[in-house]
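Here is a friendly walk through the charged pairs of one chain, with a stop at an aromatic side chain at the end. Have the sequence and the structure open beside you as you read.

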Amino acid sequence: MAERTVIAKEIPAAYQAMLGLEKYLGTTSISKELKELIKIRTSQINGCAYCINMHTKDARALGETEQRIYALSAWRDTRYFTDAERAVLALTESVTLITKEHVPDSVYEEAARHFDSKQVGEIIMAIITINAWNRIAISTNMMPE
């Protein structure tokens with residue numbers, strides 16, 4: 001597959017706006033490790049090879065284990081994730097697959113049980129941002145290294 005439009009080159013202001021969201025997420029109270037789990041799981045759901053490659057590397061650099069990375073797509077069937085991480089992964093799936101059943105109250109409430117209102121908002125923004133990056137990478141045929 002040939003790469004298509006290079007957003008950063010063709011419309012740099014839009015790309016800079018996306019980088020602005022990413023920069024904001026770096027200032028939030030959500031741990032880098034948890035943000036990487038969000039990015040990997042979202043990218044798995046969306047089938048974004050470019051982002052899976054990038055964020056599994058980033059997660060490993062932060063100390064994430066191979067076992068948890070490999071099991072992430074089956075997180076419900078393992079004991080490798082904390083209750084808070086499981087709540088975030090459920091919210092990640094609901095937001096990413098929003099047309100399926102929107103975000104059920106039970107999913108939102110479980111996240112709110114582990115995180116305060118501001119943190120839940122930060123988590124939602126992290127999910128939204130990686131979904132946008134996935135759509136950029138997929139629609140422009142970005143290839144992993």
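## Salt bridges across the chain

Counting nitrogen–oxygen pairs within 4 Å, we arrive at nine salt bridges. Please keep in mind that this is a predicted model. Why would such pairs turn up at all? Side chains of opposite charge can pair when their charged atoms come close.

Three of these pairs are set out here, each with its N to O distance.

| Salt bridge | N to O distance |
|---|---|
| Lys39 and Glu22 | 2.8 Å |
| Arg41 and Glu93 | 2.8 Å |
| Lys57 and Glu145 | 3.3 Å |

Let's begin with Lys39 and Glu22, whose side chains meet at 2.8 Å. Lys39 belongs to helix α3 (residues 32–46) and Glu22 to helix α2 (residues 12–25), so this pair links distant parts of the chain, 17 residues apart. How accessible is Lys39, buried or exposed? Its relative accessible area is 11%, under the 20% cut-off, so Lys39 is buried. Glu22 has 24% relative accessibility, and because this falls between 20% and 50%, Glu22 counts as partly exposed. This pair also has company: Glu22, Glu36 and Lys39 are linked in a network of salt bridges.

Next comes the bridge between Glu93 and Arg41, again with 2.8 Å between the closest N and O atoms. Which parts of the chain does this pair tie together? Glu93 sits in helix α6 (residues 83–96) and Arg41 in helix α3, so the bridge joins parts that are 52 residues apart in sequence. Both Glu93 and Arg41 are buried.

The pair of Lys57 and Glu145 meets at 3.3 Å, N to O. Lys57 is in helix α4 (residues 49–61), while Glu145 is in the segment after α9 (117–139), so the two tie together parts 88 residues apart in sequence. With 40% relative accessibility, Lys57 counts as partly exposed. Glu145 reaches 86%, which is over 50%, and therefore counts as exposed.

## A look at Phe115

Now for the aromatic side chain. Where is Phe115 placed? You will find Phe115 in the loop between α8 (105–114) and α9. Its relative accessibility is 13%, so Phe115 counts as buried. Leaving aside residues up to four places away in sequence, Phe115 touches Ile30, Leu34, Ala84, Val88, Val120 and Ile123. Take Val88 as one of these contacts: Val88 and Phe115 are 27 residues apart in sequence, and their C-alpha atoms are 9.4 Å apart in space.

Note on methods: Residues numbered from 1 in each chain as written. Predicted model: local features only at pLDDT ≥ 70, side-chain atom pairs only at ≥ 80, totals over all residues. Heavy atoms only, no water. Helix = DSSP H or I, 4+ residues; strand = E, 2+ residues; numbered from the N terminus. Buried < 20%, exposed > 50% of the residue type's maximum accessible area, 1.4 Å probe, protein only. Contact = heavy atoms within 4.5 Å.
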